[in-house]
Amino acid sequence: MNVLTTQRVEELFLSLERDEQVNIISHGVALRLADLRKRFDMAKSRVHQLEEKYSKTLDELEAQKLPDDADYEMHEDYVMWHHWVETVIETQNRIASLDEIAQQGLYLGENFSVSR
């Protein structure tokens, strides 16, 4: 979306009644949380699979270093393991932020604003 289109969308959104703005954002937060929770569960599952496969956590593996005789599969798993651990952490942080919005609601005073 270019700047003019973004500005136009923001203007249209801000022209809506406050209740309608809150409803739109609330529904968006709920949908995003559902997506993030699915991603979080999948990432946790992948991390768990790798921990089961190698009988250790990624931290333990890194403390011991990859074995000199590690095969291609272990190297691939090691890279993906990092990815999934990072995904768990990142997704958990996003969920926490949006969860706070969902729990607190958007009526936090008259300073409500969606623009940056």
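Okay, let's start with one side chain: Glu90 comes out partly exposed, with a relative accessible area of 41%. Keep in mind that this is a predicted model. Who does Glu90 pair with? Its partner is Arg94, and the two side chains meet in a salt bridge at 3.2 Å, N to O. Arg94 is also in the partly exposed class, at 40% relative accessibility. Both sit in helix 4, 4 residues apart, so about one helical turn separates Glu90 from Arg94.

That pair stays inside one helix, so let me move on to pairs that reach across. How many salt bridges does the structure hold? The count is 5, and I'll walk you through two more of them.

Next up, Lys53 and Asp77. Their side chains form a salt bridge, 2.7 Å from N to O. Lys53 belongs to helix 2 and Asp77 to helix 4, so this pair ties together parts that are 24 residues apart in sequence. Is Asp77 buried or exposed? Asp77 has 13% relative accessibility, and the cut-off for buried is under 20%, so Asp77 counts as buried. Lys53, on the other hand, is partly exposed at 43%. And there's a little network here: salt bridges with shared partners join Lys53, Glu73 and Asp77.

Now for Asp99 and Arg37. These side chains meet in a salt bridge too, at 2.9 Å, N to O. Again we're linking distant parts of the chain, with Asp99 in helix 4, Arg37 in helix 2, and their positions 62 residues apart. Asp99 is partly exposed, with a relative accessible area of 21%. Arg37 is partly exposed as well, at 37%.

So how do those two helices sit against each other? As a bit of background, people describe two packed helices by the angle between their axes and the distance between the axes. Here, helix 2 covers residues 18–54 and helix 4 covers residues 72–104; their axes come within 8 Å and cross at roughly 150°. Angles over 145 degrees count as roughly antiparallel, so that's what we call helix 2 relative to helix 4. The crossing is left-handed, by the way.

What is the contact of helix 2 with helix 4 made of? Its residues divide into 19 nonpolar, 4 polar and 11 charged.

To pull it together: helix 2 runs roughly antiparallel to helix 4, and salt bridges linking these helices include Lys53 with Asp77 and Asp99 with Arg37. That's my bit, thanks.

Methods. Residues numbered from 1 in each chain as written. Predicted model: local features only at pLDDT ≥ 70, side-chain atom pairs only at ≥ 80, totals over all residues. Heavy atoms only, no water. Axes fitted to C-alpha atoms, helices over the stretch in contact; angles between N-to-C directions. Parallel < 35°, antiparallel > 145°, perpendicular 65-115°, else oblique. Left-handed = near helix turned anticlockwise from the far one by under 90°. Nonpolar A, V, L, I, M, F, W, Y, C, P; charged D, E, K, R; others polar. Salt bridge = Lys/Arg side-chain N within 4 Å of Asp/Glu carboxyl O. Buried < 20%, exposed > 50% of the residue type's maximum accessible area, 1.4 Å probe, protein only.
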